[in-house]
Amino acid sequence: MTDSKDGQLAQAEEQRRRPGVTPRMRKIMLEIDQKFGPFPTIGCYRPGDPQDHGSGRACDFMESIAGRMPTASPRNRHRRQRVADHQERH
């Protein structure tokens, strides 16, 4: 039996291998997750989505766990800002 944290890590690992993401987006996704993560859920390719997720050129980095919203702590806000700043620079 696995605990919920092990299950979440396994789910996150499966999402990192999901097909449909462009090579460039996969590189960006892995870089952000390694530098600022781990993130419990990373949502990327969505078949049929008419926007960037449907073409494999977008990922969402979720901080919620088991449907619970992340806290608005200074630490969480700082992490989100660091990710945004990093992406603007690159």
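The paragraphs below walk through a predicted model of a single chain, from its overall layout to a few individual residues.

The chain contains three helices and two strands. Followed along the sequence, these elements appear in the order α-α-β-β-α. Of the 90 residues in the chain, 26% are buried. The exposed surface comes to about 6,500 Å², and carbon and sulfur atoms account for 52% of that area. When contacts between residues at least 6 apart in sequence are considered, 47% of them join residues at least 24 apart.

A good place to begin looking inside is the largest nonpolar core, which consists of ten residues: V21, M25, M29, I32, F36, F39, I42, C44, C59 and V83. The element that gives the most to this core is helix α2, spanning residues 23-36, with four residues.

Helix α2 itself repays a closer look. Its 14 residues should span 20 Å at 1.5 Å a residue, and the C-alpha atoms at its ends are 20 Å apart, so the expected and modelled spans agree. Its buried residues are M25, M29, I32, D33 and F36. These residues lie on the same side of α2, because they cover an arc of only 100° around the axis. The face turned away from that buried side carries exposed residues, namely P23, R24, K27 and Q34.

Helix α3 covers residues 74-89 and includes H86. With a relative accessibility of 1%, H86 falls under the 20% limit and therefore counts as buried. Beyond its neighbours up to four places away in sequence, H86 touches E31, K35 and F36. F36 is also one of the buried residues of α2 and a member of the largest nonpolar core.

Attention now turns to the loop between β1 and β2, where H53 is found. The relative accessibility of H53 is 9%, under the 20% limit, so this residue is buried too. Leaving out neighbours within four places in sequence, H53 is in contact with G43, C44, Y45, R46, A58, C59 and D60. The contact with C44 can be described in finer detail: a polar atom of the H53 side chain lies 2.8 Å from the backbone oxygen of C44. C44 in turn belongs to the largest nonpolar core. Apart from residues up to four places away in sequence, C44 touches V21, M29, H53, A58 and C59. Among these partners, V21, M29 and C59 are core members as well.

R46 also sits in the loop between β1 (41-43) and β2 (60-62). Its relative accessible area is 38%, which lies between the 20% and 50% limits, so R46 is classed as partly exposed. Setting aside residues up to four places away in sequence, R46 touches H53, G54 and D60. The side chains of R46 and D60 are joined by a polar contact of 3.0 Å. D60 is likewise among the contacts of H53. R46 and V21 are 25 residues apart along the chain, and their C-alpha atoms are separated by 9.3 Å.

Terms used
Residues are numbered from 1 along each chain as its sequence is written. This is a predicted model: local features need pLDDT of at least 70, side-chain atom pairs count only at pLDDT 80 or more; totals for chains, interfaces and linings use all residues. Side-chain values use heavy atoms; hydrogens and water are left out. A nonpolar core is a set of buried Ala, Val, Leu, Ile, Met, Phe, Trp, Tyr and Cys residues joined through side-chain atoms within 4.5 Å. Buried means under 20% relative accessible area, exposed over 50%, partly exposed in between (1.4 Å probe, protein chains only). Contact means heavy atoms within 4.5 Å. A polar contact is a pair of N or O atoms within 3.5 Å; within protein, one must be able to donate a hydrogen and the other to accept it, and residues adjacent in sequence count only if both atoms are side-chain atoms. Accessible areas come from the Shrake-Rupley method with a 1.4 Å probe; for residues, only the protein chains shown count as cover. The expected span of a helix is 1.5 Å times one less than its number of residues. The arc is that of the directions from the helix axis to the C-beta atoms.
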